[in-house]
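These are my notebook entries on one structure, written down in the order in which I looked things up. I try to keep to what can be read from the model.

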Amino acid sequence: MRLLRLSRNTLCAGSIPVQYRQVSTGRLVEGLFYLQSTPREVLSAALTGFWDYDIKNAHFGIFSQWAKKLGKRTPAVDEYSRNKAEIRCGLAQHCGAPPEDIKECLIALLYGATLHPDPEQAKIAQVLGEDAHALFKSHPFVTRLRAEIKRVGGAIVNDLPKHSGRYGNALGIYVRKPEKNGTAALLCHGLRGVEGKILKCVIERFGQDILLPIVTGKHCLS
């Protein structure tokens, strides 16, 4: 019923108006109506006949390319990008957890999540539970990935433009370094800036052909 009411608008007759605004992180989010949260079955019906372009693990790709520009190697991130399904399934079997939970936790590592065992203090422990968390934390691939993100992430943060004690990103948005998890927060700031710049360029070039751009941290749909 919400979709039906929205489609009965005078500005775009027969269409659902979707507006985006840029938040302080640089991400583009829906401001008029959150079509992203609409049930998947409704979205599938609404988008029938359109192409679905999915930028998978965009932030891992941006991280890797940025690192190479700085002359840094990222073997763990590159391995994950090449073999996402195999690594997730292997970790899922090792930890006794669903692959989707493993995917969420690997992305959380890139965003600076800690491996603290207390679920009230750490997202990964909250998602996996005590036993699976211990197995996840001790896995050799997770250990390598975590160390690589920390090592290379610092170099990426140092490469961000700076002005008056603030750090900028590709969208020209400047923020101060937070006192807590500062490097991780600035790494996200930088990665999201590049992601936002990519989306803005695509929308400016192909806007008339895009039905719905979705940014969830997982994919971009157009």
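**Entry: the second largest pocket**

How do the residues of the lining of the second largest pocket divide into nonpolar, polar and charged? I looked this up and noted six nonpolar residues, six polar ones and two charged ones. I should add at once that I am working with a predicted model. The space in this second largest pocket comes to about 370 Å³. There are 14 lining residues, and those closest to the centre of the pocket are Gly112, Arg146, Ile149, Lys150 and Ala184.

I then asked which helices each supply at least two residues of this lining. I wrote down α6 (residues 99-110), α9 (residues 140-159) and α10 (residues 182-206). The largest share comes from α9, which gives five residues to the lining.

**Entry: the whole chain and its confidence**

I stepped back to the whole chain, where I found ten helices and five strands. Of the 222 residues, 38% are buried. I also looked at contacts between residues at least 6 apart in sequence, and 55% of these join residues that are at least 24 apart.

Where is the confidence lowest, and where is it highest? Helix α1, residues 2-7, has the lowest value with a mean pLDDT of 67, whereas α9 has the highest at 95. For residues 216-222 I noted a pLDDT below 50, although this stretch still has 28 contacts in the model beyond near neighbours in sequence. The average over the chain is a pLDDT of 83, and 80% of the residues score at least 70.

**Entry: Val77**

Next I turned to Val77, whose place is in helix α4, residues 75-82. Is Val77 buried or exposed? I count Val77 as buried because its relative accessibility is 0%, and the cut-off for buried is under 20%. Setting aside residues up to four places away in sequence, I listed Phe60, Phe63, Ser64, Leu145 and Glu148 as the residues that Val77 touches. I also looked up the pair Val77 and Gly61, which are 16 residues apart along the chain and have their C-alpha atoms separated by 8.2 Å.

**Entry: the loop between α6 and α7**

I looked at three residues in the loop between α6 and α7, beginning with Tyr111, which is found there. With a relative accessibility of 25%, Tyr111 counts as partly exposed. The C-alpha atom of Tyr111 is separated by 7.5 Å from that of Leu187, though the two residues are 76 apart along the chain.

Asp118 lies in this loop between α6 and α7 too, and its relative accessibility of 25% makes it partly exposed. From Asp118 to Glu130 I noted 8.2 Å, C-alpha to C-alpha, with their positions twelve residues apart in sequence.

Pro119 is also found in the loop between α6 and α7, the latter helix covering residues 123-128. Pro119 is partly exposed at 39% relative accessibility, and its contacts, leaving aside neighbours within four places in sequence, are Ala125 and Gln126. Between Pro119 and Glu130, which are eleven residues apart in sequence, the C-alpha distance is 8.1 Å.

**Entry: two positive phi values**

I reminded myself that most residues other than glycine have a negative phi. Which value does phi take in Ser164? I noted a phi near 55 degrees, a positive value in a residue that is not glycine. Ser164 lies in the loop between β3 (162-163) and β4 (166-168), and I call Ser164 exposed because its relative accessible area is 57%, which is over the 50% cut-off.

Asn181 has a positive phi as well, of about 50 degrees, although Asn181 is not a glycine. I placed Asn181 in the loop between β5 (174-176) and α10. At 44% relative accessibility, Asn181 counts as partly exposed.

**Entry: cysteines**

How many disulfides does a search of the whole structure find? My answer is zero. I still looked up two cysteines, and Cys188 counts as buried at 8% relative accessibility, whereas Cys201 is partly exposed with a relative accessible area of 39%.

Note on methods: Residues are numbered from 1 along each chain as its sequence is written. This is a predicted model: local features need pLDDT of at least 70, side-chain atom pairs count only at pLDDT 80 or more; totals for chains, interfaces and linings use all residues. Side-chain values use heavy atoms; hydrogens and water are left out. On a 1 Å grid over the protein atoms alone, a cavity is a set of points where a 1.4 Å probe fits but cannot get out, and a pocket is an open set with protein on both sides within 12 Å along at least five of seven lines; lining residues have an atom within 4 Å of a point. Grid points are joined across faces, edges and corners, and a volume is the space filled by probe spheres set on the points. Helices (H or I, at least four residues) and strands (E, at least two) are DSSP runs, numbered from the N terminus. Ala, Val, Leu, Ile, Met, Phe, Trp, Tyr, Cys and Pro count as nonpolar, Asp, Glu, Lys and Arg as charged, and the others, Gly among them, as polar. A disulfide is a pair of cysteine sulfur atoms within 2.5 Å. Buried means under 20% relative accessible area, exposed over 50%, partly exposed in between (1.4 Å probe, protein chains only). pLDDT is the predictor's confidence in each residue, from 0 to 100. Contact means heavy atoms within 4.5 Å.
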